[in-house]
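Here is a short tour of one protein model. Have the sequence and the 3D view ready, and follow along as we go.

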Amino acid sequence: SSRVLWTLAVTQFHKTKGAKMVFPGAIVAGAAFGAGVKIFMNAAQKEPIMRRPWEHVIGVVIGAVVFNQARHLELQWQKEASEEMEKIRLRLKQ
């Protein structure tokens, strides 16, 4: 499991050559969400909250990566949408 995550992280780093932006707010929110999901799962199963602490760490890492990637995609889509709107404006002016 950790080997797969490491492979994904390295592959993503090499694709972007480290140029990907980091969004601290998204990372903090994702980390809190990942840890919260694991804590909720343990509470729902009536297990000790910190039963297997490494699973909390995995949840934090996955949550941070997913939320950061979601923010990156959102900005990319906004940029593409604004470019399309500009093309439409130019066509309408002609």
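## The overall layout

Let's start with the big picture: this protein chain has three helices and zero strands. Reading from the N terminus, the order of elements is simply α-α-α. Keep in mind that you are looking at a predicted model, not an experimental one.

How much of the protein chain is buried? Of its 94 residues, 15% count as buried. On the outside, the chain exposes about 7500 Å², and 69% of that comes from carbon and sulfur atoms. Now think about contacts between residues with a separation of 6 or more: 69% of these join residues that sit 24 or more positions apart in the chain.

## Helix α3 from end to end

Helix α3 covers residues 53-93. Does its length make sense? What span should its 41 residues give at 1.5 Å a residue? The expected span is 60 Å, and the C-alpha atoms at the two ends are 60 Å apart, so the two values agree.

Some of α3 is tucked away: His 56, Gly 59, Gly 63, Ala 64 and Asn 68 are buried. What do these buried residues pack against? Their partner is α2. Here is a handy bit of background: an α-helix has 3.6 residues a turn, so residues three or four places apart point the same way.

## A nonpolar patch on the surface

Next, look for a nonpolar patch of about 850 Å² on the surface. Its members are Phe 33, Val 37, Phe 40, Met 41, Trp 54, Ile 58, Ile 62, Val 66 and Phe 67. Both α2 (24-44) and α3 supply at least two residues each. Which helix gives the most? That is α3, with five residues.

Take Val 66 as one of the patch members. Val 66 lies in α3. Its relative accessible area is 48%, and because exposed means over 50% and buried means under 20%, Val 66 is classed as partly exposed.

## A lysine in α2

Now find Lys 38, which sits in helix α2. Is Lys 38 buried or exposed? With a relative accessible area of 10%, Lys 38 falls under the 20% cut-off, so Lys 38 is buried.

Who does Lys 38 touch? Setting aside neighbours within four places in sequence, Lys 38 is in contact with Glu 55 and His 56. You have already met His 56 as one of the buried residues of α3.

Conventions. Residues numbered from 1 in each chain as written. Predicted model: local features only at pLDDT ≥ 70, side-chain atom pairs only at ≥ 80, totals over all residues. Heavy atoms only, no water. Patch = residues over 30% accessible without salt bridge, like charges linked within 9 Å, V, L, I, M, F, W, Y side chains within 5 Å. Areas by Shrake-Rupley, 256 points an atom, 1.4 Å probe, with all protein chains shown as cover. Salt bridge = Lys/Arg side-chain N within 4 Å of Asp/Glu carboxyl O. Helix = DSSP H or I, 4+ residues; strand = E, 2+ residues; numbered from the N terminus. Buried < 20%, exposed > 50% of the residue type's maximum accessible area, 1.4 Å probe, protein only. Expected span 1.5 Å × (residues − 1). Contact = heavy atoms within 4.5 Å.
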